[in-house]
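Student: I would like a close look at one part of this model. Please pick one strand and walk me through its surroundings.

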Amino acid sequence: MRLGIVGLPNVGKSTLFNSLTKAGAESANYPFCTIDPNIGVVAVPDPRLKQLAALYDSAKITPATIEFVDIAGLVKGASKGEGLGNQFLSNIREVDAIIHVVRCFEDGNVVHVDGSVDPLRDIETIDLELIFSDLEIIERRIAKTAKGAFNNKELAKEVEILKRIKAHLEEGKLAKSLEITDEDELAFVDSLNLLTLKPVIFAANVAEDQLADDGASDPYVQKVRTFAAENESEVFVICAQIEQEIAELDEDEKAMFLEDLGLTESGLDKLIAASYRILGLISYLTAGVTETRAWTIKVGTKAPQAAGKIHSDFERGFIRAEVVNYQDLLDCKTYPAAKEKGLVRSEGKEYVVKDGDVILFRFNV
């Protein structure tokens, strides 16, 4: 899973990236201090792995991972070359979802590029830059495809779809709000990698004293939540500065620090939960002496395709999946004990994998 982080300068974007990845991206109180994209890979915290590994005495634990891409702060006109220009948007075209960091705190010591804090105005600024960037892609694609469309029905249909998207974007609307029901058309639109087609998770960055009630008393956060609900997006509340402090602590210190703040989970935990929800993801597990590992799949994935995440041979030669619920396995303390109680099921090609399934795949190539 790859997530791209966007936002205006000085909203806490690079501070959040630092705290999530401990990568030490430059973070300063002036616009455009992030010049090249920063990339960091983060392990998805999953306590199930440690417990399973203890059960199997696994030599290695391999969690699922998320790759974060942090680009320069965007300003009005970024798509036309303002600030550091549209080149940075190309760095996040390949991501699965966009994390949009929105400033929801007042601080006279931290400059706001527009002179005041207004999260909805900031969201609109970024959305427009994403729209303009997508328009550029669409216009180039129309010019290229139209050349061969005169005597090619398939290309002519593509041009027609591209023009519909162009008209929609020109109205200031995101591509994902364009109604398309035909499966072939949907597949074509998906292949365009448009920024405004991607799911969005808003990171409402608040002051420390707004954190304990999850931003409930912050009018800025409420505006972001209302906007997100109307646009089928996710929201999580963070204090990027606090997250950076948490990132420096070990697990025990982190738990104590969160407790002192009246929190039950870190910003990273909230973000991962929001990412899995908006992208419709779950994790199944494999365990053995060599390795205990989490595998991320889409909700609704059937057993052979889940096996294919491990290796294409597993999918090609799929015979069956031996499946046991993670908690059942822990309660029984051993795999043979779970099998004896009838908790290990033999599932075929139509089985839809569930979150927390511990699976042993049988295959023959």
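Tutor: What follows is a walk around one strand, its sheet and a helix that packs there.

Keep in mind that this is a predicted model. Our strand is S6, residues 200-205. Is S6 mostly covered or mostly open? S6 is mostly covered, with six of its six residues buried. Buried here means under 20% relative accessible area.

Now look at where the side chains go. In a regular strand they alternate between the two faces of the sheet. In S6, Val200, Phe202 and Ala204 point one way. Ile201, Ala203 and Asn205 point the other way. Both sets are buried.

Next, the neighbours. Strands of a sheet pair through backbone hydrogen bonds, either parallel or antiparallel. Which way does S6 run beside strand S5, residues 97-103? The two are parallel, and six bridges join them. Find Ile99, and you will see that its bridge partner in S6 is Ile201. Beside S6 there is also strand S7, residues 234-238. Five bridges link S6 with S7, and this pair is parallel too. Here Phe202 stands opposite Val235 of S7. To get from S6 to S7, the chain passes through helix H6. This β-α-β crossover is right-handed.

Step back to the whole sheet. The sheet is open and has six strands, in the order S2-S4-S1-S5-S6-S7. Its pairing is mixed. S2 (38-43) and S7 are the edge strands, each pairing on one side only. On average, neighbouring strands are turned by 25 degrees against each other, direction ignored. H6 packs on this sheet and touches S5, S6 and S7. The direction of H6 makes about 160 degrees with that of S7.

Finally, follow H6, residues 219-230, to another helix, H3, residues 119-146. Their axes come within 9 Å and cross at roughly 45 degrees. H3 and H6 are therefore oblique to each other. Which residues meet there? From H3 come Pro119, Leu120, Ile123 and Asp127. From H6 come Tyr220, Lys223, Val224 and Phe227. By class, this contact has six nonpolar, two charged and no polar residues.

So much for the strand and its surroundings. Trace the path once more: S6, through H6, to S7.

Note on methods
Residues numbered from 1 in each chain as written. Predicted model: local features only at pLDDT ≥ 70, side-chain atom pairs only at ≥ 80, totals over all residues. Heavy atoms only, no water. Axes fitted to C-alpha atoms, helices over the stretch in contact; angles between N-to-C directions. Helix = DSSP H or I, 4+ residues; strand = E, 2+ residues; numbered from the N terminus. Parallel < 35°, antiparallel > 145°, perpendicular 65-115°, else oblique. Contact = heavy atoms within 4.5 Å. Nonpolar A, V, L, I, M, F, W, Y, C, P; charged D, E, K, R; others polar. Buried < 20%, exposed > 50% of the residue type's maximum accessible area, 1.4 Å probe, protein only. Pairing = 2+ DSSP bridges. Right-handed = clockwise from strand over helix to strand, strands pointing away.
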